[in-house]
Amino acid sequence: MTDLSHRIEAKRDELIALTQDLIRIPTLNPPGENYRVICDYLHRRLSARGFACELVRAVGAPGDSDRYPRWNLVARREGTRPGDCVHFNSHHDVVEVGKGWTRDPFGAELDGDRIYGRGACDMKGGLAASIIAAEAFLETHPDHAGAVEISATADEESGGYGGVAYLAREGWFAPERVQHVIIPEPLNKDRICLGHRGGWWAEIETKGEIAHGSMPFLGDCAVRHMGAVLAAFEERLFPAMAARRTEMPVVPEGARSSTMNINAIHGGQPENPPDFDGLPAHCVPDSCRIVIDRRFLIEETVEGVRDEVIDLLDDLKARRENFDYEIRELNRVIPSMTDRDAPVVRTVTEAIREELGLEASYVASPGSYDQKHIDRIGKLKNCIAYGPGVLELAHKPDEWVGVTDMLDSARVMGRSLERLLLPS
């Protein structure tokens, strides 16, 4: 091992404690809780280690409010001479807890080599590993060239518009300011993620007419119309998507095809609050809405994805009596792919070989992450995802991250800094 690798290994207990501290700050999104708390925590830590830290609120971004402000932290440590800037970007928000946990979701319990908790894998373990790697590098090489940056950003789990998208629009990822970006998302320690599939989200509403539930023939049930939509999806759209395959190295295997998730369905009487034990009213629903989450391949276009759904709905309108609908696009993300010969890809490939004795594999993510904003808004192509954790654990109950995996990934990150910021 190199001196830097030994130093990182010696920080095992510090890495565990840092990861636990981060998990114990419940930065739930939605609605966006404790964003300032985690940014203040990181500000104290990194400023004490010589980083110039800046808190940036994404004023006006989706979800930003005085109750739930969208806070981000950017920390920068300058070297002793000119050179490139290497930026580690991690999101600090986590998704809802969900059901099925056997551990305290925010207890950060250490059991053997695993730390459990919501966000342990996605991606507070990666954030902690990048901090330990950067700090160990700076302790080992105080005379390095260029600059090291670490950011902790908001709202990746809801699109990143209160985090990296905002920072990119404000110039924080401009190519003249930052040259290399590593996003420590959980893709496994021997894999380099070059990019991600695209996404198109929309809300579809079917229309009906309210009437007494005992005489449904006097109304028009919007839920039944939505049932016809779902049946058409099952019969036509899902088989068509499953037949498409991409040349992108998407993992896991099921994501090599186009996919769609029915994210939500709402129709008829609103759900009663938990403390209400009354009976429902007798009404025919005049509206039913679903939200669809359509992930598409680099070989497809977002316009084609949208038109495929609209054509299906228009066909139902032509064939089904009284069928009417509205569709509203919620968001779109274009696929992103970094070239395999990009400097940061070559650097991390060599670091994996040197530190882990493994040949890196190159993958693409089934879902989008903040590379999309660094690429499309920041115009910075030299960006990858690389970090500890098992992708399939993200958003699952009893989520965990391995301590050994974090240390191994930190060594790769540290070696990458040596390759990029030290004289050859």
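In the predicted model, the second largest pocket encloses about 170 Å³ of space. Its lining is formed by P216, F217, G219, D220, C221, R224, H225, V284, R320, E321 and N322. Classified by residue type, this lining comprises four nonpolar, three polar and four charged residues.

F217, one of the residues lining the second largest pocket, also belongs to a nonpolar surface patch, in which it is joined by M215 and L218. Together, the three residues of this patch present about 330 Å² of accessible area. M215 is situated in the loop that connects β9 (198-207) with α6 (222-242). The relative accessible area of M215 is 33%, and this residue is therefore classed as partly exposed, a category that lies between the buried limit of under 20% and the exposed limit of over 50%.

The largest pocket has a volume of about 1500 Å³. It is lined by 45 residues, of which V95, E157, D293, R295 and H395 lie closest to the pocket centre. By class, the lining of the largest pocket consists of 18 nonpolar, 14 polar and 13 charged residues.

Several strands contribute to the lining of the largest pocket. At least two residues each are supplied by β10 (259-267), β11 (287-296) and β12 (325-333). Among the contributing elements, β10 provides the largest share, amounting to four residues.

Technical notes: Residues are numbered from 1 along each chain as its sequence is written. This is a predicted model: local features need pLDDT of at least 70, side-chain atom pairs count only at pLDDT 80 or more; totals for chains, interfaces and linings use all residues. Side-chain values use heavy atoms; hydrogens and water are left out. Patches are made of residues with over 30% relative accessible area and no salt bridge: like charges are joined within 9 Å, nonpolar side chains (Val, Leu, Ile, Met, Phe, Trp, Tyr) within 5 Å. Accessible areas come from the Shrake-Rupley method with a 1.4 Å probe; for residues, only the protein chains shown count as cover. A salt bridge is a side-chain nitrogen of Lys or Arg within 4 Å of a carboxyl oxygen of Asp or Glu. Buried means under 20% relative accessible area, exposed over 50%, partly exposed in between (1.4 Å probe, protein chains only). On a 1 Å grid over the protein atoms alone, a cavity is a set of points where a 1.4 Å probe fits but cannot get out, and a pocket is an open set with protein on both sides within 12 Å along at least five of seven lines; lining residues have an atom within 4 Å of a point. Grid points are joined across faces, edges and corners, and a volume is the space filled by probe spheres set on the points. Ala, Val, Leu, Ile, Met, Phe, Trp, Tyr, Cys and Pro count as nonpolar, Asp, Glu, Lys and Arg as charged, and the others, Gly among them, as polar.
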